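Student: I have a model open and would like to go through it. Can we take the sheets, then the side chains?

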Amino acid sequence: MTKPSLPDLLHAAVSAVGGTERPGQVAMAEAVAEAIDDNSHRLIQAGTGTGKSLGYLVPALAHGERVVVATATLALQRQLVERDLPRTVEALHPQLRRRPQFAMLKGRSNYLCLHRLHEGAPQDEEDGLFDQFEAAAPTSKLGQDLLRMRDWADETETGDRDDLTPGVSDKAWSQISVSSRECLGATKCAYGAECFAEAARERAKLADVVVTNHALLAIDAIEGAPVLPQHEVLIVDEAHELVSRVTGVATGELTPGQVNRAVKRAAKLVDEKTADALQTASETFERVMELALPGRLEQIPEDLGYALMSLRDAARNVISAIGATRDKSVHDEDAVRKQALAAVESIHGVAERITNGSEYDVVWYERHDRFGATLRVAPLSVSGLLREKLFAERSVVLTSATLKLGGDFNGVAGSLGLSPEGVEGDDVPVWRGLDVGSPFDYPKQGILYVAKHLATPGREGTRGDMMDELAELIEAAGGRTLGLFSSMRGAKAAAEELRGRLDNPILLQGEETLGELIKAFAADPKTCLFGTLSLWQGVDVPGPSCQLVVMDRIPFPRPDDPLMSARQKSVEEHGGNGFMAVAATHAALLMAQGAGRLVRASGDRGVVAVLDPRLATARYGSFLRATLPDFWYTTDRNQARRSLAAIDATAKADGK
């Protein structure tokens, strides 16, 4: 039987989802198939509207061997598993003569734990051991959520938190879930045969395509214990997010509250002397943390170093003692031991990591008004880890609408541990970049307006001229505005000010769930939506409700961000330009994602307004502009207003 051709398969898949074939999508599918066939790596930039999901799913399904697809957002995971994959599998079946299987796999804590549901969560000493369902007042929100989850447990086929609607708080979910460290293991657990997390793993082992997230991909790479099934091909979608997600997984933290909870959990399982040593170390650590000031610790202060060594040593002794303990008087002893071990092992790991003092780690204090001080440690770079763990034994395709920064792929490639394109060597993963463009006509569909006449934003204080500019732009647009702010404080200040000045409803992130806000924003063209980071890449509102996207300033990382400033300093010490490699790259990625909110369909028209003159006047401005979609560019404020008014008039004439 002749093998079906890729163009025929792609045509069948696109027809099945009611789409239109795009030249960029065809080019992408061919590049993915080529990478799979010759076991090489690709970075593929595919603009909004390309149909990139099918661009990689069709060659992945045609491949016949297992492929893992990792995404950053829950929305895309659901889209792949609930919409794109079922339709594509059906469409390809007549030509492939088989129905490829697919499955979703997440970290263990995303699944309901039947042991914890039925046996209750091991509680801290002062709470006593009680059934959390009885203890939480049924009239409280927590109590209602717990009762609802108990009913849901009898109905759900997956036990997946994201299938529970409406959702519940982290606190409620923690009552019926466990981390991988707390899990008893299927063979030791009375509910192992029915376990939702184990069932998800079994489905993944049988699947041709496994859909997971960046965090689980990072855990799989970092912890060395394989979570994902064996696979020859890895496709990373939303790849611009990968470095920050891997960094998050590789970051450790210690707080006095966390240490205190570990002490209480361990106390009932070890002898008094061992427990007292951990309690004393905990108190010493807490005293040090009370005086902690936010910022990076380039050298570990003597008092903190002593406290961490005491914690490390006391935690190690507790771990040994718990491992040897057997006490049948403790209710549900195995689960209590496992939870205590997990808590103490976490503390031991972070204390030891900071005490060992790797030059490749960054350590800093953070202080929160409500929760007090936190000690954090994160890798200076994850590029070496990614190069070693990601690219060594499989073909990797990384794709996103934003991978070329300042005109080439090398910036993003470097952060992933790859050498510049074309460089070859014994241990150098070879890769090629491909920009398949976008089906949209950006110069005709959008305008990039930079408010060159405004004052340069300072670090603090309100910007009166910026508020006036923003109000005038919103009025010209008739509402229809997505306001992207570099801080929540800035978003709140703008919302408060303009609610008093304009007739347009202004929605503010945090005042309702993100899903509800986006729904309300899309439903009423007069409405504006203001918010911060998650809106920069989480809003997909095609049509006339979003015809003006405003960025209040270039979103550079805060100068006092310990990790970013450490990375910048490291680049400079190695002879590079730290500002361009770290701060400008960070800003470019965010701005490209933010500007991408404007044109989501072929009929969309509008303006991206950047209220920061540095985009027009600073030397790095051209680098940032080269990363944005190729909109028609102007600094003429009157031109921007006239264009917005004309777009608004056209939408109203069409009854929108």
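Tutor: What follows goes through the sheets, the aromatic rings, the cysteines and two further residues of this predicted model.

Student: Start with the seven strands. In what order do they form the open sheet, and is the pairing parallel or antiparallel?

Tutor: The order is E14-E15-E13-E16-E17-E12-E18, and the pairing is parallel. Strand E14 (506-508) and strand E18 (632-634) stand at the edges with a single partner strand each, so each has one side without a neighbour in the sheet.

Student: By how much are neighbouring strands of this sheet turned against each other?

Tutor: On average by 15°, with direction ignored.

Student: How many bridges join E16 to E17?

Tutor: Four bridges join strand E16 (residues 548-551) to strand E17 (residues 606-610), and the two run parallel. Within that pairing, Val550 stands opposite Ala609 in E17.

Student: Which strands does H24 touch?

Tutor: H24 packs on the sheet against strand E13 (481-484), E16 and E17, and its direction makes about 160° with that of E16. Another helix, H20 (residues 488-499), lies across E14 and strand E15 (528-531), running at about 155° to E14.

Student: Now the sheet of four strands. What is the order there?

Tutor: That open sheet has the order E6-E9-E8-E7, with antiparallel pairing. Its edges are strand E6 (252-254) and strand E7 (295-296); each has a single partner strand, so one side of each is left without a neighbour in the sheet.

Student: Over how many bridges do E7 and E8 pair?

Tutor: Two bridges, in the antiparallel sense, with E8 covering residues 361-368. Gly295 has Tyr365 in E8 as its bridge partner.

Student: Which helix packs on that sheet?

Tutor: Helix H23 (residues 562-573), which touches E7, E8 and strand E9 (372-379). The direction of H23 makes about 150° with that of E8.

Student: Switching to rings. How many aromatic pairs does the structure hold?

Tutor: It holds seven aromatic pairs. One of them is Phe440 with Tyr442: the ring centres are 6.2 Å apart and the planes are at 80°, so the pair is edge-to-face. Phe440 and Tyr442 are both buried.

Student: Which residue do ring pairs link with Phe440 and Tyr442 into a cluster?

Tutor: Phe631 joins Phe440 and Tyr442 in that cluster.

Student: And what about Phe579 and Tyr620, how are those rings arranged?

Tutor: Their centres are 5.2 Å apart and their planes are at 55°, so the pair is tilted. Phe579 lies in helix H24 (residues 578-595), while Tyr620 is in the loop between helix H25 (614-617) and helix H26 (621-627), so the pair ties together parts that are 41 residues apart in sequence.

Student: Does each one count as buried or partly exposed?

Tutor: Phe579 has 25% relative accessibility, so it counts as partly exposed. Tyr620, at 15% relative accessibility, counts as buried.

Student: Which ring does the charged end of Arg625 sit over?

Tutor: That of Tyr633, at 4.9 Å from the ring centre.

Student: Next, cysteines. How many disulfides does the structure hold?

Tutor: Zero. For Cys183, the nearest cysteine sulfur is that of Cys195, 6.2 Å away, and Cys183 is in no disulfide. Cys183 has 16% relative accessibility, so it counts as buried.

Student: How far from Cys528 is the nearest cysteine sulfur?

Tutor: It is 10.0 Å away and belongs to Cys546; Cys528 is in no disulfide. At 0% relative accessibility, Cys528 counts as buried.

Student: Two last residues. Where is Ser282, and which residues does it touch?

Tutor: Ser282 is in helix H13 (residues 272-290). Leaving out residues up to four places away in sequence, Ser282 touches Val259, Asn260, Val263 and Leu311. Ser282 is buried, with a relative accessible area of 1%.

Student: And Lys171, buried or exposed?

Tutor: Lys171 counts as exposed, at 56% relative accessibility. The residue is found in helix H8 (residues 170-174). The C-alpha atoms of Lys171 and Leu142 are separated by 8.0 Å, with the two residues 29 apart along the chain.

Notes: Residues are numbered from 1 along each chain as its sequence is written. This is a predicted model: local features need pLDDT of at least 70, side-chain atom pairs count only at pLDDT 80 or more; totals for chains, interfaces and linings use all residues. Side-chain values use heavy atoms; hydrogens and water are left out. Two strands pair if DSSP finds at least two bridges between them. Contact means heavy atoms within 4.5 Å. Axes are lines fitted to C-alpha atoms, for helices over the stretch in contact, and angles run from 0 to 180 degrees between N-to-C directions. Rings of Phe, Tyr and Trp (its six-membered ring) pair if their centres lie within 6.5 Å; planes under 30 degrees apart count as stacked, over 60 as edge-to-face and the rest as tilted. Buried means under 20% relative accessible area, exposed over 50%, partly exposed in between (1.4 Å probe, protein chains only). A charge sits over a ring if NZ of Lys or CZ of Arg is within 6 Å of the ring centre and within 35 degrees of the ring normal. A disulfide is a pair of cysteine sulfur atoms within 2.5 Å.
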